[in-house]
Each structure stands twice: as C-alpha cells, then as structure tokens.
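This briefing covers one protein chain model. Please read it alongside the sequence and the coordinates.

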Amino acid sequence: MKTIVIFSFPIRGHVNSLIKLSRELIKNNCNVLFYCTDEYRQEIEEIGSEYVAYHPQIVCRMRRFRESYGDFFAIVDYSTASTGLLDYYVKELQKRKIDIIIHDVMCRMGKQLGEIMNIWTVASITTFLVEPGICKIPFQSKRAIIKTIITRMPYIFKFKLVEYLSSIKYKIHRGGIFNLYYNYESLNIVYTSDKLQPEYDESKLANYRFEFVGSDIENSTEVQQKKKRKVIYISFGTVYSAGKKFIQMCIDAFAKSDFVVYISLGNLLSRNEFYSISDNIVIENYIPQVNILKEADLFITHGGMNSISEALIMGVPMILIPLAADQPIVAERLEKLGAGIHLMYNEVNISCLKRSVNKMLKLKEYREKCQLLGDELRAAGGSAKAAETICCYYSEINEEGFRFDTKR
C-alpha cells in the first residue's frame with residue numbers, strides 16, 4: 001500500500017479538489033495523510049484520509065491571508081513561515097515511509113520537502129495553467145503597485161533571507177518571490193479542460209507534464225419546471241468580498257424587478273447592513289451554490305475557478321467582475337470563449353450592470369457555449385482520472401528508477 005502525503009492550501013476552492021482526489025486515491029489502495037486546517041477536518045476524515053493539522057504558524061498565516069482578501073504579500077508571509085518550518089516537517093515525515101507528496105501548486109513547502117527527502121512530488125493546480133513569473137493585478141496603477149511593494153519591503157526581505165538560508169542548508173533551489181503561485185512538478189494535475197485553458201508558451205514549460213482532468217461536479221439530470229421569473233445568483237466566493245457598496249448597488253439595480261435575485265454574502269458582511277431590500281431579493285451569508293445554480297439563469301461572480309467550473313457544468317452564463325489573483329485571467333478567457341461578459345470592478349454601475357444582464361438573458365448563445373464548455377469539463381475524467389494518472393506514473397518512474405532532478 002502506497003503512503004501519500006497531501007499538503008493543501010487551506011482555501012475552499014483549493015481543498016475541494018484535493019479531498020475528491022484523496023477519496024479516489026484511497027479507492028486505489030493508497031493510505032493518505034492530509035495536512036490542512038481544522039475547518040476541513042470532518043470532510044477529510046469522512047472520506048477515510050488521516051487528518052493532520054498544520055503547524056500553528058501556518059494556521060495563523062492562512063487567517064491573515066483570508067482577512068487580507070488574498071493579498072499577494074500575505075502569500076509571501078505564508079511561504080516565509082512554511083519555509084521556516086522545513087525542519088519541523090522533515091522530522092514529521094521521517095516518522096513514516098512516504099511514497100508520494102501531492103501539494104497544492106501554491107504550497108511551496110510540499111515541493112521543498114520532496115526535494116529535501118528525495119520523494120516524488122505532484123502538484124495540484126486548481127487555477128488556469130500560467131507561465132511562471134506572470135502576475136496580473138486588476139484595476140491597480142503602476143504607481144499603486146510600486147507603492148505597495150515599497151511598504152511591504154520587510155515581507156520581501158524576510159522571505160528572501162529565509163529562502164536563501166534554507167537553500168544553503170538543504171541544497172535546494174530557490175523559486176523566487178514571483179513564482180510563489182507556480183510550484184510546478186514533473187507531473188501536474190490541472191482541474192480544468194484543455195479547451196478552457198488559455199494559450200501559453202509551451203516552450204517555457206517543456207520540462208513539465210500537465211494532465212487536464214476537468215471537474216467532478218455533477219449536473220442535475222432532473223427536468224426543471226418552467227419558471228415564471230428569471231433567477232439571478234450573485235456571489236463573490238468565500239475569500240474575497242465585493243464590499244458593502246457594490247452589494248447595495250446590486251440590490252438597488254434589481255429591486256422590484258421581474259427577476260428573483262439570490263445574493264450570497266459570505267462571512268464578511270451581514271444582511272442587516274443593507275437597506276431597501278425588496279421581496280424579490282434573497283440575501284444570506286451562505287447559499288448552497290450548486291443547488292442554486294441548477295435554477296439560475298445568470299451568475300454574477302468574481303470568477304473563481306471553483307465557481308466558474310460549477311456554473312459551466314450547470315450551463316449558466318456569467319457576468320465576471322474579478323477582484324484579485326487569477327480572476328482577471330479567468331474573466332478574459334470566458335469572455336473570449338463567449339461564456340460570459342467581463343466587467344471591471346471599479347467601473348461597474350447600475351446602468352451597465354442592467355445592460356449586461358439584459359444582453360446575456362436575451363442571447364441564448366451564451367448559455368449554449370457554457371453547456372459545451374461544461375460538457376468538456378465533465379468528459380476530462382475528474383479526480384478518478386487524476387488518481388489513475390498519479391498511480392500509473394508512479395509505477396513507471398519506479399520501474400525506471402526515480403532520482404530527484406534538482407535542476408527542475
């Protein structure tokens with residue numbers, strides 16, 4: 001029985017894919033140790049994985065990451081802390097015979113531990129595949145970016161120092177600060193389809209294998225009853241917040257309209273902060289997303305990969321208003337493919353929002369394109385394909401004799 005260690009990046013969209021992968025690996029007669037944070041413990045243990053809590057320093061950094069709405073320098077701080085804990089995790093893993101390390105592509109520590117301990121590693125990619133060094137920041141001027149870098153210089157200095165000392169001690173390569181999102185491996189599992197994936201310079205990634213496995217989300221086979229009113233669903237995920245002003249604008253835009261509007265606030269806002277909520281608008285902190293997407297005619301979203309994958313599989317067209325991270329790339333791609341409309345957060349007003357909604361609901365081509373892309377996501381194989389690929393590839397490299405390539 002192979003023993004596999006999973007190092008997650010404890011954010012809902014990232015953990016979901018690794019939990020499903022873990023379930024399939026267990027079906028393939030693997031023993032799985034799953035490093036994560038306590039809010040996911042029950043889900044991890046229910047599928048038969050062994051839950052292992054992250055060190056308190058990592059838990060603290062992840063809390064800061066959520067509170068900062070995914071700020072890039074919170075990732076720098078998280079990576080600094082995890083690199084500083086390599087000694088701790090080397091001792092932890094030495095207690096077991098580990099065959100494979102699977103890590104989220106944003107979890108550099110997993111890559112470093114594989115290199116230190118000469119263990120074969122696999123990266124889990126829940127975003128689009130992007131060339132290393134590319135970092136898009138939405139609606140920020142160059143002056144604002146430079147100012148941010150100057151004010152966060154202590155984070156950069158500490159990261160550089162810790163990474164340098166670790167590279168000397170363990171003789172591991174340094175990935176650099178602008179590649180924190182892209183800790184690729186010889187085998188990488190990408191949770192999207194090759195049709196949905198934007199074009200990239202393959203020559204820059206020629207040393208890596210990327211297996212596109214799509215999504216495991218199941219579409220409803222039930223015949224939906226004809227609705228008297230169109231349903232609009234608005235959500236900006238569990239990490240980011242669209243802000244009180246934006247949500248109030250949505251309320252004002254659709255108040256007393258012919259639409260039924262569901263707004264999921266997440267944990268950062270509450271219903272009593274808003275006013276003039278008409279009877280056709282439902283506002284909750286949490287709405288089961290897959291369930292509501294089965295009924296929705298339109299989805300207004302930040303463009304997180306988990307959200308857009310669910311919407312595509314349900315055949316729901318989107319208005320995409322990215323806030324940070326990879327979301328601008330996602331929004332641009334879906335607009336180019338004809339599955340949605342991309343709006344800039346700082347330029348959205350009631351007039352353009354209404355205009356975009358009416359356009360998308362009028363043109364059936366948007367929904368048809370979403371359905372086609374959703375079919376391709378399902379056909380790619382999902383977590384079962386990912387687990388099969390990992391196990392087969394592991395068998396192949398063992399037959400050939402695995403040696404870690406420090407020049408990767």
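The points below go from the whole chain to confidence, a surface patch, one arginine and one helix.

This is a predicted model, in which local features need pLDDT of at least 70 and side-chain atom pairs count only at pLDDT 80 or more, while totals for chains, interfaces and linings use all residues. Residues are numbered from 1 along each chain as its sequence is written, and side-chain values use heavy atoms, with hydrogens and water left out.

**Overall make-up**

- The protein contains 15 helices and 13 strands, taken as DSSP runs numbered from the N terminus (helices are H or I, at least four residues; strands are E, at least two).
- Of the 408 residues, 54% are buried; buried means under 20% relative accessible area, exposed over 50%, and partly exposed in between (1.4 Å probe, protein chains only).
- Among contacts (heavy atoms within 4.5 Å) with a separation of 6 or more, 69% are between residues 24 or more positions apart.
- About 19200 Å² is exposed, and carbon and sulfur atoms supply 49% of this area, as computed by the Shrake-Rupley method with a 1.4 Å probe.

**Confidence**

- The average pLDDT (the predictor's confidence in each residue, from 0 to 100) is 85, and 88% of the residues score at least 70.
- Residues 136-141 have pLDDT below 50, and this stretch has 13 contacts beyond near neighbours in sequence in the model.
- Residues 401-408 also stay under 50 in pLDDT, with 18 contacts beyond four places in sequence.

**Nonpolar surface patch**

- Phe157, Leu161, Tyr164, Leu165 and Ile168 form a nonpolar surface patch of about 530 Å².
- Such a patch joins nonpolar side chains (Val, Leu, Ile, Met, Phe, Trp, Tyr) within 5 Å, from residues with over 30% relative accessible area and no salt bridge, that is, no side-chain nitrogen of Lys or Arg within 4 Å of a carboxyl oxygen of Asp or Glu.
- Phe157 lies in helix 8 (residues 153-170) and counts as exposed because its relative accessibility is 59%.

**Arg64**

- Arg64 belongs to helix 3 (residues 56-67) and is partly exposed, at 40% relative accessible area.
- Leaving aside residues up to four places away in sequence, Arg64 touches Ala74 and Asp77.
- The C-alpha atoms of Arg64 and Ile75 are 9.3 Å apart, with their positions 11 residues apart in sequence numbering.

**Helix 12**

- Helix 12 (residues 327-337) is mostly covered, with 8 of its 11 residues buried, including Ile329, Val330, Leu334 and Leu337.
- Cover for these buried residues includes helix 11 (305-313), strand 12 (318-320), strand 13 (340-342) and helix 14 (364-379).
- Gly338 follows helix 12 and has a positive phi, near 85°.

Methods. Patches are made of residues with over 30% relative accessible area and no salt bridge: like charges are joined within 9 Å, nonpolar side chains (Val, Leu, Ile, Met, Phe, Trp, Tyr) within 5 Å.
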